[in-house]
Amino acid sequence: MTDVVFLGDGPFHEGERVLLEKMIAAMRPTGAYSVRDDAAAWLTEGGSSATKLVITLGAKATAALEPATAFGGLRGKCHEGPRGTTMLATAHPRDLLREPAAKREAWADLQRAMAELGIDP
């Protein structure tokens with residue numbers, strides 16, 4: 001079972017991958033995690049209901065799983081996603097590289113994710 005799945009919306013470029021690795025390291029996940037770059041494919045493949053938390057990275061990945069709700073309405077909040085998984089939307093590393101001031105909000109989102117997983121921030 002994978003505890004956390006990080007879902008993006010396409011291949012991660014080098015700087016994005018490095019920042020995502022730093023974000024994951026800062027969370028200090030205690031269980032298994034995976035990074036997928038195609039949220040729509042993950043959902044089509046049956047996305048696991050055994051996953052404790054799905055973290056969508058950016059508006060496109062979030063819309064692939066929750067097309068009826070705007071990204072801004074989902075960002076930073078844990079809620080029930082597809083197949084009964086718990087889902088949290090946050091900024092894509094690409095967006096954080098373009099707008100570094102958004103890193104503060106993204107860190108707050110990751111702290112919510114940590115709390116959901118029982119990890120002390």
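This report walks through an aromatic pair, two helices and a buried strand residue in a predicted model.

**The aromatic pair and its strands**

Start with the rings. The structure holds 1 aromatic pair. Its partners are F6 and Y33, set edge-to-face with 6.2 Å centre to centre and 90 degrees between the planes. The pair ties together distant parts of the chain, since F6 belongs to strand β1 (residues 4–7), Y33 belongs to strand β2 (residues 33–36), and the two are 27 residues apart.

How buried or exposed are the two rings' residues? F6 has a relative accessible area of 2%, which is under the 20% cut-off, so F6 is buried. Y33 comes in at 42% relative accessibility, and because that value sits between 20% and 50%, Y33 counts as partly exposed.

The strands themselves are also paired: β1 and β2 run in the parallel sense over 4 bridges. Across from F6 in β2 stands V35. To get from β1 to β2 the chain goes through helix α1 (residues 14–27), and this β-α-β crossover is right-handed.

**Two helices, each with a buried face**

Helix α1 is the one in that crossover, and α6 (103–117) is among the elements its buried residues pack against. Here is how the two helices look side by side.

| Helix | Residues | First to last C-alpha | Expected span | Arc of buried residues |
|---|---|---|---|---|
| α1 | 14 residues | 20 Å | 20 Å | 140 degrees |
| α6 | 15 residues | 21 Å | 21 Å | 145 degrees |

For α1, the end-to-end reach is close to what 1.5 Å a residue would give. Its buried residues are E16, L19, L20, M23, I24 and M27. Looking down the helix axis, they fall within an arc of 140 degrees, so they line one face of α1. The face turned away from that buried side carries the exposed residues E14, E21, K22 and A25.

What do the buried residues of α1 pack against? Their partners are β1, β2, β3 (53–57), α5 (93–98) and α6. Just after the helix, R28 takes a positive phi of about 55 degrees.

Now α6. The distance between its end C-alpha atoms agrees with the span expected at 1.5 Å a residue. A106, D109, L110, A113, M114 and L117 are its buried residues. Viewed down the axis of α6, they stay within an arc of 145 degrees, so they too line one face of the helix. On the other side, R104 and A115 are exposed.

Which elements cover the buried residues of α6? They include β1, α1, β3, β5 (86–90) and α5. After α6 comes G118, with a positive phi near 75 degrees.

**A residue in strand β3**

β3 is named among the neighbours of the buried residues of α1 and again for α6. One residue in this strand is I55. I55 has a relative accessibility of 0%, so it counts as buried.

What does I55 touch, leaving aside its neighbours within four places in sequence? The contacts are V4, V5, F6, L7, M27, L88, T90 and A113. Among them, F6 is also a member of the aromatic pair, M27 is one of the buried residues of α1, and A113 is one of the buried residues of α6. V4 is 51 residues from I55 in sequence, yet their C-alpha atoms are 7.2 Å apart in space.

Conventions
Residues numbered from 1 in each chain as written. Predicted model: local features only at pLDDT ≥ 70, side-chain atom pairs only at ≥ 80, totals over all residues. Heavy atoms only, no water. Phe/Tyr/Trp six-rings, centres within 6.5 Å; stacked < 30°, edge-to-face > 60°. Buried < 20%, exposed > 50% of the residue type's maximum accessible area, 1.4 Å probe, protein only. Pairing = 2+ DSSP bridges. Right-handed = clockwise from strand over helix to strand, strands pointing away. Expected span 1.5 Å × (residues − 1). Arc of directions from axis to C-beta. Contact = heavy atoms within 4.5 Å.
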